[in-house]
Amino acid sequence: WVLMVTARTPTNIAVIKYWGKRDEKLILPINDSISVTLDPNHLCTTTTVSVSPSFVEDRMWLNGKEISLQGGRFQSCLREIRARANDVEDEKKGIKIKKEDWQKLHLQIASYNNFPTAAGLASSAAGFACLVFSLAKLMNLKEDNSQLSAIARQGSGSACRSLYGGFVKWIMGKEENGSDSLAVQLADEKHWDDLVIIIAVVSARQKETSSTSGMRDTVETSALIKHRAKEVVPKRIIEMETAIKNRDFASFTRLACTDSNQFHAVCLDTYPPIFYMNDTSHRIISCVEKWNRSEETPQVAYTFDAGPNAVMIARDRKTAALLLQRLLYNFPPKSDTDLDSYVIGDKSI
Ligand code: DP6
């Protein structure tokens, strides 16, 4: 017999960024962060996990290619989930798995991303969140999504925020064992459904500096990161929570844009410096800033993760349509810029 579970998890985009760890193994951050989870119909990972007595080892395929499960991060997630597994019974198929059997049974895992892997579009976030969620269902875990988020966190920090839709906060926590470093939902997906997210894929190439090694270098060499984590982010987190609660787009935009800019400033303050944005990214920022300044209130927020791709959040559908027009005019696809294509979240978040 084979027992299978399939799950789909959207990626999330941080509007107050996580950058820097206080514990690399447990993946514990140096500051809280806040993100918005995308619509599950757009950028997402789909994962099928299966178990069978005929499987002789744990194996995993990502986008059809076998990948190693030996990495510490996969092993942490698998270990944590197996430790919490429960009895599973499927009467129709005549399958009975005892809690303790999960230690011996092997798994096969197939995962697909419908967007560029490791191009700064948070593929690891959706990936580990989906892996943990589907395994938790397969093994009949009783933990809630917040508790599962603390397991997904050990796969990739940002993954813990993809266990919820809407607006999500990753609380950094204080405990050394990481038990209180988990995600909570601030507002569900219906709370602010005017917003529309547009992602300009400036480059679908893999990023040169991974988030993991980038943030390690930052913590070791940047003086600015200490100021950011201790002084700046705690205040911004409170302000951002209020902006989200009140659907205050002007404050939301100011906080999201300044936080993205400070994250990239911290990257520049790292030695050797890390450049995630390119000329096209900078031109997109100028274009949005100019537009926002020409209106009474801001129309579009932008944020960039560890890559050159622009994530733009328009205040409503009308603005999103205008934004697309401006982007197409200023960055015509197939010109000599490296703006290859657009990925458009045409649904509200
Ligand atoms: C810039 O979660 O990919 O996207 O925990 O080492 O796997 P690891 O890093 P990762 O870092 C994401 C960094 C970011 C900001 C964010 O998502 O908050």
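**Close-up 1. Helices H5 and H6 side by side in the predicted model.** Here we look at H5 (residues 224-245) and H6 (residues 249-268), whose axes come within 10 Å and cross at roughly 160°. Any angle over 145° counts as roughly antiparallel, so that is the label for H5 relative to H6. As for handedness, the H5 and H6 crossing is left-handed.

**Close-up 2. Who meets whom between H5 and H6.** On the H5 side, the contact takes in Leu 224, Ile 225, Arg 228, Val 232, Arg 236, Glu 239, Met 240, Ala 243 and Ile 244. Facing them from H6 are Ser 251, Phe 252, Leu 255, Asp 259, Gln 262, Ala 265 and Val 266. Sort the residues of this H5 and H6 contact by type and you get 10 nonpolar, two polar and four charged.

**Close-up 3. A cis peptide bond after H6.** Follow the chain into the loop between H6 and helix H7 (279-294) and you'll find Pro 272. The peptide bond leading from Tyr 271 into Pro 272 is cis, and its omega is near -5°.

**Close-up 4. The ligand and its shell.** How many residues surround the ligand? The count is 15, and the closest of them are Ala 14, Tyr 18, Ser 156, Gly 157 and Ser 158. By type, the shell around the ligand is a mix: six nonpolar residues, seven polar and two charged.

**Close-up 5. A five-stranded open sheet.** Reading across the sheet, the strands come in the order S1-S6-S11-S7-S8, and their pairing is mixed. S1 (3-10) and S8 (65-67) are the edge strands; each has a single partner strand, so one side of each has no neighbour in the sheet. On average, neighbouring strands in this sheet are turned by 20° against each other, direction ignored.

**Close-up 6. The S7 and S8 end of the sheet.** Zooming in on one pair, S7 (residues 59-62) and S8 run antiparallel and are joined by three bridges. One to pick out is Leu 62, whose bridge partner in S8 is Lys 65. Between S7 and S8 there is a loop, and Asn 63 lies in it. What is phi doing at Asn 63? Phi there is near 50°, a positive value in a residue other than glycine.

Terms used
Residues numbered from 1 in each chain as written. Predicted model: local features only at pLDDT ≥ 70, side-chain atom pairs only at ≥ 80, totals over all residues. Axes fitted to C-alpha atoms, helices over the stretch in contact; angles between N-to-C directions. Helix = DSSP H or I, 4+ residues; strand = E, 2+ residues; numbered from the N terminus. Parallel < 35°, antiparallel > 145°, perpendicular 65-115°, else oblique. Left-handed = near helix turned anticlockwise from the far one by under 90°. Contact = placed C-beta atoms within 7 Å. Nonpolar A, V, L, I, M, F, W, Y, C, P; charged D, E, K, R; others polar. Near = placed C-beta within 6 Å. Pairing = 2+ DSSP bridges.
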